[in-house]
Structures are given as structure tokens and as C-alpha cells.
Amino acid sequence: MRAQFILSEIGIGLRRNLSMTISVVLVTFVCLTFLGAAALLQTQIGKMKDDWYDKVEVSVFLCPTGSTAPTCAAGEVTEEQRAEVLAALDAPEVAGYVQEIYQESKQQAYEAFQEQFQDQFWASAVTADDMNSSLRIKLTDPEQYQVVADVVSGRPGVESVQDQRRLFDNLFLVLDRATWAAAGLAAIMLLAAVLLITTTIRLSALSRRRETGIMRLVGASTLFIQLPFMLEGAIAATLGAAMAIGGLWLGVEYLVTDWLGQSVPWIPYVGTSDVLAIAPLLIVVAFVLAAISSLVTLSRYTKV
């Protein structure tokens, strides 16, 4: 009988404040969608870093003919200078950081260049003599780039040293800022959701003030009186969380996996399993929203 009474009170409260309840569901849906998107974006950044940082190499570009770099004052790199660079990389204090060294000649660099830019009209004007021979160094730990760079930088015959990882830093910086922007919007919407849930519970409590008074007179406990109001907010917030999870799942399935996954297949993307992984977090946040709103409201508006 108690459970039936509580359920009937929940139904009455939801019907009386239907428009406010719908508003709570929609606002919760929007704010948790932003929160979930921020979490998925951070997961995406982590996947890209793990995949790309393990593949990047340190490129040591050797002096070509006509270079203006101070280390190339003697002209194009000689075999002796190349051997000295390789010997420095093979030294005991450096060898532990180097996994493998690929040597690329000017002709190989030219062929790779022509393959990459074969559709550009100006590519035909470039010759093999215009290219740099280089060393591609695969590191055991990409974070230790500076150790290797310090060893080879400034040596005769070395024009420049480039860490491919730095090419991705700006991209990851933009993605990190997008994550914070999404999290900031989610925080604002969470505040709006708390205010709306609080208002909904307050209106529901005021509309049933007489019933609450009668229940007090017959000895009903505070929890028994307040429980229907608490569950109303929890149900509305949970519906919003369920909609957010569903929206994120559909977005990842059709926009990320089916569209981006086929258009740009070389990037590791988040999947629906990642959405399911953050789903409990979104549901917990929804319950916390309802709990905070209930604590703020019920202690005041269910007193007789």
C-alpha cells in the first residue's frame, strides 16, 4: 500500500507540473550530452596520443647542397660526417633510447616527394638534388626526444632535427581546449538543471501542501512525505541521462564509426563501447543533480 501510494503521488506530481518536468528532462539531456561529449573527446585524445606518439620518429635532415645553415658551411654532408652522426647515436649513453634508425637517401626522398605531390604542377620542377638525405630515428620512448636531439643537433653535416610529435601538439592543444569548452558549457547547463529541478520540486510540494499537512498529522515520517518529491526529480533527471546516453551512442555509431571511420580510417576513434563506459557516470551525475535539488528544496517546502 505504501509503495502504491508513493507511485500515485509521483504520477500526480509529474502530471501537475508536466511542462516543468519536460523542461528538466531536456535541460538534463543537453547538459549531460555536453558532459559526455567532453569525456568522449578526452578519450579520443588519449587514443590518438597512444597511437600516434608510438609511431612518430625523429627526423635528422642532413645538409644538402647550398644550405645556409651554419653546420652546412662546408657544403653537402660527407660520408665521414654521416658516419660520425651514426656513431654518436650508437654511443652507449644514447643507444638505449634508439629503437631503430632508417637511412633515407636523396633519391628515396625525391621518390617519396613525387608520390605525395604528384598531382601538383610545381612538383615536376623539383629534382633529387633539391632533397635532403635524412635519418629517421625510431625511439624506444617518444618522450625522450630531447636526449637524442641534443646529441645530433649542431653537428657538422646536420641541417636540422625535427620531432614529428611536435607536429601534433597544436592539434592536441585545440582538442584539449574544445574539451574544456564542452565541460564549461556542461557545468553551466548543470547549474540550470539544478535550478529547474529545484523549481519543479518546489511547485510540486506547494501544490500538495494540504496533503503534506494531513500526512504529518497522522504521523507519517519525513522520509515517507519527501520520497515522492525526491523520486520525481530523480525520474526526470534519469530520463534526461538516458536520452543523453542514447544521443551519444547514435552520434558515435553513425557519425564517428560509420562516417569518419570510413572517410579517415587511419585515425583510432572512440566507439560505442566508450559511450557505454561513461554511461554510469552520466546516470550518477543525474542522481546527484536530483539529490542536491531535493536537499535544497524539501527541508523548507515540506514543513507544516
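The legends below describe several close-up views of a predicted model.

**View 1. A salt bridge joins Lys106 and Glu76.**
The side chains of Lys106 and Glu76 meet here, with a distance of 3.2 Å from N to O. Lys106 belongs to helix 5, which covers residues 106-116, whereas Glu76 sits in the loop between strand 1 (58-62) and helix 3 (79-89), so the salt bridge ties together parts that are 30 residues apart in sequence. The two partners are unlike in their accessibility: Lys106 is buried, with a relative accessible area of 15%, while Glu76 is partly exposed, at 32%. Side chains of opposite charge can pair when their charged atoms come close. By the rule applied to this model, the count of salt bridges comes to four, and the pair of Lys106 and Glu76 is one of them.

**View 2. Arg82 and Glu79 form a salt bridge within helix 3.**
The closest N and O atoms of Arg82 and Glu79 are 3.9 Å apart, and a salt bridge counts up to a cut-off of 4 Å, so this pair is included. Both residues lie in helix 3, where they are three residues apart, or about one turn of the helix. Arg82 is buried, with a relative accessible area of 14%, whereas Glu79 is exposed, with a relative accessible area of 59%.

**View 3. Arg136 and Glu104 form a salt bridge between two strands.**
In this pair the closest N and O atoms are 2.9 Å apart. Arg136 is part of strand 3 (residues 134-139) and Glu104 is part of strand 2 (residues 98-104), so the salt bridge ties together parts that are 32 residues apart in sequence. Glu104 counts as buried, its relative accessibility being 18%.

**View 4. Cys63 and Cys72 form a disulfide.**
A search of the whole structure finds one disulfide, and in the pair shown here the sulfur atoms of Cys63 and Cys72 are 1.8 Å apart. The torsion about the S-S bond of these two residues is about -80°, so the disulfide is left-handed. Both ends of the bond are buried, with a relative accessibility of 1% for Cys63 and 4% for Cys72.

**View 5. Leu32 has contacts in the largest nonpolar core.**
The largest nonpolar core has 29 residues, and those with the most contacts inside it are Leu32, Leu40, Leu190, Leu248, Val252, Val275 and Leu289. Helix 2 (18-55), helix 7 (165-207), helix 9 (222-263) and helix 10 (272-301) each supply at least two residues of this core, and the largest share, nine residues, comes from helix 9. When residues up to four places away in sequence are not counted, Leu32 touches Leu190, Ala241, Ala244, Leu248, Leu282, Val285 and Ala286. A second, separate core has 20 residues, which include Cys72, Val85, Val148 and Val152; Cys72 is also a partner in the disulfide with Cys63.

**View 6. The largest pocket is lined by residues that include Ala37 and Val270.**
About 170 Å³ of space lies in this pocket. The residues that line the pocket are Ala37, Leu40, Leu41, Gln44, Met48, Leu175, Val256, Leu260, Ile267, Tyr269 and Val270. Helix 2 and helix 9 each supply at least two residues of the lining, and helix 2 gives the most, with five residues. Leu40, which is part of this lining, is also named among the residues with the most contacts inside the largest nonpolar core.

Key:
Residues are numbered from 1 along each chain as its sequence is written. This is a predicted model: local features need pLDDT of at least 70, side-chain atom pairs count only at pLDDT 80 or more; totals for chains, interfaces and linings use all residues. Side-chain values use heavy atoms; hydrogens and water are left out. Helices (H or I, at least four residues) and strands (E, at least two) are DSSP runs, numbered from the N terminus. Buried means under 20% relative accessible area, exposed over 50%, partly exposed in between (1.4 Å probe, protein chains only). A disulfide is a pair of cysteine sulfur atoms within 2.5 Å. A nonpolar core is a set of buried Ala, Val, Leu, Ile, Met, Phe, Trp, Tyr and Cys residues joined through side-chain atoms within 4.5 Å. Contact means heavy atoms within 4.5 Å. On a 1 Å grid over the protein atoms alone, a cavity is a set of points where a 1.4 Å probe fits but cannot get out, and a pocket is an open set with protein on both sides within 12 Å along at least five of seven lines; lining residues have an atom within 4 Å of a point. Grid points are joined across faces, edges and corners, and a volume is the space filled by probe spheres set on the points.
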